[in-house]
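Hi everyone, thanks for making time this morning. I'd like to walk you through a structure that will be new to most of you, so please have it open while I talk.

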Amino acid sequence: MRLLIGCLILALLCCSFSILPAQTTSTVLQGKIITESGAPAEASTVVLLRSRDSSIVASAVADNNGLFHFAGLQPDAYRLLISKAGYQKMYAGPYLTKSGQTFTTPAIKLSQLTQNLKEVSAVSTRPDIEAQPGKLIINVQNNLLAQGNSAFDILRLSPGVKVDNSNIS
């Protein structure tokens, strides 16, 4: 009986160890992003894409030194999509990684986005009436009442001005 129980336990242990997955060491992909001037491109967004189907694997933000780091990856071919405000979006790679390898990409240089702005025009009009200390200024050049009327008619229609026959007060 003991022999039978011992054989069953041994068979159970052999079966359980044979179905365990093999340990694989994870892969690391890291690198540095710089600008055209060679300064670190801090706060750049780095998206890790699987090379064969462009599916998103992970994303990270570059630190103050422009460094990014992806850990715990499976061995595969990867591409990087890098973007930063004021710079052109860029693809880098493909990078083929192996099991247990720390792969460091060459420095990735971002190109500045250049946009030529068209003409800008600022249009403004003066207010019809300006109140300043001790005086009231009436700008008649944009006033609809000024067209076709005399200066006397404009003053008569202005607020705060009294006209009696030919006396203005």
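**A walk through the fold**

Let's start with F70, which is buried, with a relative accessible area of 4%. Please keep in mind throughout that this is a predicted model.

F70 has a partner. The structure holds 2 aromatic pairs. In one of them, the rings of F68 and F70 have their centres 6.0 Å apart and their planes at 55 degrees, so this pair is tilted. F68 is buried too, with a relative accessible area of 3%. The other pair is Y95 with F103: here the ring centres are 5.5 Å apart and the planes are at 45 degrees, so this pair is tilted as well. Y95 and F103 are both buried.

Now let me step back to the whole chain. How many helices and strands are there in the protein chain? There are 2 helices and 12 strands. If you read along the sequence, the order is α-β-β-β-β-β-β-β-β-β-β-α-β-β. The chain has 169 residues, and buried residues make up 23% of them. Its accessible surface comes to about 12400 Å², and 56% of that belongs to carbon and sulfur atoms. Take the contacts between residues at least 6 apart in sequence: 50% of those join residues at least 24 apart.

So much for the overview; let's go inside. The largest nonpolar core has 19 residues. Which residues have the most contacts inside this core? They are L29, I33, F70, L80 and I82, and you will recognise F70 from the tilted pair with F68. As for the strands, β1, β2, β4, β5 and β6 each supply at least two residues of the core.

I33 is a nice residue to click on. Setting aside neighbours within four places in sequence, I33 is in contact with A39, P40, A41, S44, V46, A62, G66, F68, I82, I108 and L110. Two names on that list deserve a closer look, G66 and V46.

First, G66. You will find G66 in the loop between β3 and β4. Is G66 buried or exposed? G66 is buried, with a relative accessible area of 0%. Again leaving out neighbours within four places in sequence, G66 is in contact with G31, K32, I33, P40 and A41. Try locating I108 as well: it is 42 residues from G66 along the chain, and the two C-alpha atoms are separated by 9.6 Å.

Then V46, which stands opposite A60 in β3. That takes us to the pairing of β2 with β3: these strands run antiparallel and are joined by 5 bridges. Their hairpin has 5 residues between the strands, and one thing to see there is S54, with a positive phi near 60 degrees.

A word of background on the backbone. Most residues other than glycine have a negative phi, and most peptide bonds are trans. With that in mind, S54 stands out, having a positive phi although it is not a glycine. S54 is partly exposed, with a relative accessible area of 46%. A43 also has a positive phi without being a glycine, of about 65 degrees. Where is A43 found? A43 is in the loop between β1, residues 27-34, and β2, residues 45-50.

And the peptide bonds? A cis peptide bond joins G93 and P94, with omega at about 15 degrees. P94 lies in strand β6, which covers residues 90-96.

My last stop is D76. D76 sits in the loop between β4, residues 67-73, and β5, residues 77-83. Although D76 is in a loop, it counts as buried because its relative accessible area is 16%, and the cut-off for buried is under 20%. Which side chain joins D76 in a polar contact of 3.0 Å? The side chain of R50 does. Beyond neighbours within four places in sequence, D76 is in contact with R50, R52, Y95, L96 and T97. Y95 brings us back to the aromatic rings, where Y95 pairs with F103.

That's the tour. Thanks for listening, and feel free to pull up any of these spots while we chat.

Technical notes. Residues numbered from 1 in each chain as written. Predicted model: local features only at pLDDT ≥ 70, side-chain atom pairs only at ≥ 80, totals over all residues. Heavy atoms only, no water. Helix = DSSP H or I, 4+ residues; strand = E, 2+ residues; numbered from the N terminus. Buried < 20%, exposed > 50% of the residue type's maximum accessible area, 1.4 Å probe, protein only. Polar contact = N/O pair within 3.5 Å; in protein donor to acceptor, adjacent residues only side chain to side chain. Contact = heavy atoms within 4.5 Å. Phe/Tyr/Trp six-rings, centres within 6.5 Å; stacked < 30°, edge-to-face > 60°. Core = buried A, V, L, I, M, F, W, Y, C linked by side-chain atoms within 4.5 Å. Pairing = 2+ DSSP bridges. Areas by Shrake-Rupley, 256 points an atom, 1.4 Å probe, with all protein chains shown as cover.
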